[in-house]
Amino acid sequence: MDKYVIKGGRALSGTVRAQGSKNAVLPMIPAALLVDGTTVFRGVPGITDIHTISAVMESLGAGVGFVDGTLSIDSTSVDNQTAPYDLVRRMRASICVLGPLLARYGYAKVSLPGGCSFGPRPVDLHLKAMEALGADVRLEGGYVIAEAKKLKGAKVYLAGPAGPSRGATANLMTAACLAEGTTVIEEAAREPETVDLADLLIAMGAEIEGAGTNEITINGVKNLKPVEYEPMSDQIEAGTLLVCGVASGGSVRVGGADVEYLTPFLECLYEMGIEISSDNDSITAESSGRARPVVVHSKPYPGFPTDLQPQLMAAAALAEGRSVFVEGIYPDRFNQVPELVRLGADIRVEGNTAIVDGVKNYAGATVMASDIRAGAALVIAGLAAEGETHVRRIYHIDRGYEDLEGKLRSLGAEIERIAE
Ligand code: UD1
């Protein structure tokens, strides 16, 4: 197991570029099951989650090649429709093979992913979506088994208690491409990653309208063709890198960062007194002294992204005054809190709300990552801390960030990866 050793207190400065989007490409890879032949993705980040979904695809019989950010998926030889527990438990997004397998082969058996470290994450909407297309869906021995001779288009209302589901929208949109007739997804996820998936499917020959709005219409087609595709850049990584700069007291420019995607996040930075500037292809965030407190409420897109909540909290814990973070998607997503407190933060959690009373400094300590973004929050705190911070269990961070330490070093950070 590796850990990061960070010598804090250096103001970061310079330019880095965002990687390809993890959350865009993860549901795209299973979409390669819809075609015979090789689908090629360019600009794919070398992160563990990509290796996991690739292993799922290999377990189904697909040929997978990954060289220098180019990922090729050859679905010609797929001969198995079961995604096993051992792979699916490592990453929930594996559930995204459900729709494509069912649409193409009429059968899918996918392990239930279970909860995760920040609370229960049900898959009821995924199952509802497949049932709406006419599939017979049952749970057996910890697996979802879905069967249908031919999927049939339907109108599906897809929101759950916290709003739309990105994963269920991806599964339904992908499956509906090969269904008979028209599917309408009401309360569809509106994230740019959903639009990117729709664009991939359209390039493959699918007929999709409305992606990016809350109603997506898909007219089923007989077959699709393999294509080459480059996913959007990773806005969550971009936001993380901007916060790294801000919390360190420096100024960081991130290429590939998108103002439209990040607007609610940038508004929070602005409220904190951070100077923001942007051009067509980049955003710069510059700290100017101690930050002001902020109120953050995570919501589905176009709201503040839950995937940037822990990182921004790590910066707000150093602000002058009380910040409030309300988690609108995962009520228990506060894994970073006890570890930030170990570094000297003053944070109290009440239900889905964290009350953050700003302190002047973090003091370096040993802490432990427990999920991707909570891990990133600890790195941010470590960059700002006085003294040395050891962040253990960084395999969580490796799930979503390619060479985070390399990027931070290029900005002037003192951070090393050490094998424990
Ligand atoms: C995606 C992102 C993840 C992000 C999350 C919320 C990927 C690969 N992952 O996860 O990084 O944190 O969106 O923005 O894109 N829900 C149900 N029933 C379901 C499915 C979801 O109630 O069947 C609930 C969830 O518990 C959650 C909300 O709906 O409260 C949104 O979840 P969803 O959008 O499905 O998240 P993921 O697609 O799993």
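## A helix wrapped up by its surroundings

Helix α4, residues 98–105, is largely enclosed by the rest of the structure, because 6 of its 8 residues are buried. Keep in mind as you look around that this is a predicted model. The buried residues of α4 are L98, G99, P100, L101, L102 and A103.

What do these buried residues pack against? Their partners are three helices and two strands, namely α1 (22–31), α5 (124–132) and α6 (166–176), together with β7 (107–111) and β9 (143–147). Just after α4 comes G106, which has a positive phi, near 75°.

## Helix α1, one of the partners

Let's move on to α1, which packs against the buried residues of α4. How many of the residues of α1 are buried? The count is 10 of 10, so this helix is mostly covered, with "buried" meaning under 20% relative accessible area. If you want to find them in the model, they are K22, N23, A24, V25, L26, P27, M28, I29, P30 and A31.

At the N-terminal end of α1 you can spot a cap formed by S21. A side-chain oxygen of S21 sits 3.4 Å from the backbone nitrogen of N23.

## Around the ligand

N23 also brings us to the ligand: an N or O atom in the side chain of N23 is 3.1 Å from one of the ligand's oxygen atoms. For S165, the corresponding distance from a side-chain N or O atom to a ligand oxygen is 2.6 Å. D307 has a polar side-chain atom 2.6 Å from an oxygen atom of the ligand. How much of the ligand does the protein bury? On its own the ligand exposes 740 Å², and the protein buries 89% of that. Two elements, α5 and α6, each give two or more residues to the surrounding shell.

The largest share of that shell comes from α5, with 3 residues. There are 20 residues around the ligand, and D124, L125, S165, R166 and D307 come nearest. Sorted by class, the shell has 9 nonpolar, 6 charged and 5 polar residues.

## Two domains

Which domains does the protein chain have? The domain assignment gives domain 1 (2–19 + 233–419) and domain 2 (22–229). Each domain gives 22 residues to the contact between them. Their C-alpha centres lie 30 Å apart.

The ligand links nicely to this picture: the shell around the ligand draws at least three residues from each of domain 1 and domain 2.

## Two residues to look up

Is S287 buried or exposed? S287 counts as buried because its relative accessibility is 14%, and the cut-off for buried is under 20%. You will find S287 in the loop between β17 (282–286) and β18 (295–298). Apart from neighbours within four places in sequence, S287 is in contact with V246, G249, G250 and I274.

E271 belongs to helix α9, residues 259–271. With 38% relative accessibility, E271 counts as partly exposed. Leaving out residues up to four places away in sequence, E271 touches R292, P293, V294 and V295. How far apart are E271 and V295 in sequence and in space? They are separated by 24 residues along the chain, while their C-alpha atoms are 8.8 Å apart.

Notes. Residues numbered from 1 in each chain as written. Predicted model: local features only at pLDDT ≥ 70, side-chain atom pairs only at ≥ 80, totals over all residues. Heavy atoms only, no water. Buried < 20%, exposed > 50% of the residue type's maximum accessible area, 1.4 Å probe, protein only. Helix = DSSP H or I, 4+ residues; strand = E, 2+ residues; numbered from the N terminus. Contact = heavy atoms within 4.5 Å. Near = heavy atom within 4 Å. Polar contact = N/O pair within 3.5 Å; in protein donor to acceptor, adjacent residues only side chain to side chain. Areas by Shrake-Rupley, 256 points an atom, 1.4 Å probe, with all protein chains shown as cover. Nonpolar A, V, L, I, M, F, W, Y, C, P; charged D, E, K, R; others polar. Domains from an automatic or database assignment.
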